[in-house]
Amino acid sequence: MDPAKAQMVADLEIEMMTDLYNRLTVACQKKCISPKYKEGDLTKGESVCLDRCVAKYLEIHERIGKKLTSMSMQDEKLMNQLQGQKTGN
């Protein structure tokens, strides 16, 4: 892979991970932490909720990534088969 393409892929991955982190933060904070809180530190219940929320979010992200990779590989295989048929191979 040429350096420019590698840099573009790296930049895209950073952008995607930043977006994931931002969405995860907003979703889990909204779910686990009341907007009206009395303590500066997280309660045990909030901490447990956040741990579970983050774990679920990351698990789903991993599952989706694997599914998209699988679909992409199937599409690539199908395209290769179609190209082979067009060229008579």
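A salt bridge is a side-chain nitrogen of Lys or Arg within 4 Å of a carboxyl oxygen of Asp or Glu. With that in hand, we can start the tour of this predicted model at one such pair. Arg-63 forms a salt bridge with Glu-59, and their closest N and O atoms lie 2.8 Å apart. Where do these two residues sit? Arg-63 and Glu-59 belong to helix α2, and because they are 4 residues apart there, about one helical turn separates them. Arg-63 is exposed, at 52% relative accessible area, while Glu-59 is partly exposed at 38%.

How many salt bridges does a search of the whole structure find? The search gives 3, so let us visit the remaining pairs, still guided by the 4 Å cut-off. In helix α2 we also meet Glu-62 and Lys-66, which are 4 residues apart, or about one turn of the helix. Glu-62 and Lys-66 form a salt bridge whose closest N and O atoms are 3.2 Å apart. Glu-62 is partly exposed, with a relative accessible area of 46%, and Lys-66 counts as exposed at 55%.

Helix α1 has a salt bridge as well. There Arg-23 pairs with Asp-19, the closest N and O atoms being 2.8 Å apart. Arg-23 and Asp-19 are separated by about one helical turn, because they stand 4 residues apart in helix α1. Asp-19 is partly exposed, with 37% relative accessible area.

Now let us turn to the cysteines. How many disulfides are there? The count comes to 2 disulfides. One of them joins Cys-28 to Cys-53, with an S to S distance of 2.0 Å. This pair links distant parts of the chain: Cys-28 is in helix α1, which covers residues 3–32, and Cys-53 is in helix α2, which covers residues 44–87, the two cysteines being 25 residues apart. The torsion about the S-S bond of Cys-28 and Cys-53 is about -85°, so this disulfide is left-handed. Are its cysteines buried or exposed? Cys-28 has a relative accessible area of 2% and is buried; Cys-53, with 10%, is buried too. The reasoning is simple, because buried means under 20% relative accessible area.

Another disulfide connects Cys-32 to Cys-49, again with an S to S distance of 2.0 Å. Here too the link spans distant parts of the chain, from Cys-32 in helix α1 to Cys-49 in helix α2, 17 residues apart. The torsion about the S-S bond of Cys-32 and Cys-49 is -70°, and the link is left-handed. Cys-32 counts as buried, with 10% relative accessibility. If you number the bonded cysteines of the protein chain in sequence order, the pairing reads 1-4, 2-3.

With these links in mind, look at how the helices lie against one another. α1 and α2 pack at an angle of about 140°, and their axes are 9 Å apart. The crossing of α1 past α2 is right-handed. Which residues meet in this contact? On the α1 side they include Met-17, Leu-20, Leu-24 and Ala-27, together with Arg-23, which you already know from its salt bridge with Asp-19. On the α2 side they include Leu-50, Val-54, Tyr-57, Leu-58 and His-61. The disulfide cysteines appear here as well: Cys-28 and Cys-32 from α1, and Cys-49 and Cys-53 from α2. Sorted by class, the contact of α1 with α2 has 12 nonpolar, 2 polar and 3 charged residues.

Finally, a few distances can help you find your way along the helices. Lys-5 lies in helix α1 and counts as partly exposed, at 46% relative accessibility. How far is Lys-5 from Lys-77 in space? Their C-alpha atoms are separated by 23 Å, with the two positions 72 residues apart along the chain. Met-73 has its place in helix α2 and counts as exposed, at 56% relative accessibility. Met-73 and Gln-29 are 44 residues apart along the chain, and 36 Å separates their C-alpha atoms. Gln-29 is also one of the α1 residues in the contact with α2.

Key
Residues are numbered from 1 along each chain as its sequence is written. This is a predicted model: local features need pLDDT of at least 70, side-chain atom pairs count only at pLDDT 80 or more; totals for chains, interfaces and linings use all residues. Side-chain values use heavy atoms; hydrogens and water are left out. A disulfide is a pair of cysteine sulfur atoms within 2.5 Å. Buried means under 20% relative accessible area, exposed over 50%, partly exposed in between (1.4 Å probe, protein chains only). Axes are lines fitted to C-alpha atoms, for helices over the stretch in contact, and angles run from 0 to 180 degrees between N-to-C directions. A crossing is left-handed if the near helix is turned anticlockwise from the far one by less than a right angle, and right-handed if clockwise. Contact means heavy atoms within 4.5 Å. Ala, Val, Leu, Ile, Met, Phe, Trp, Tyr, Cys and Pro count as nonpolar, Asp, Glu, Lys and Arg as charged, and the others, Gly among them, as polar.
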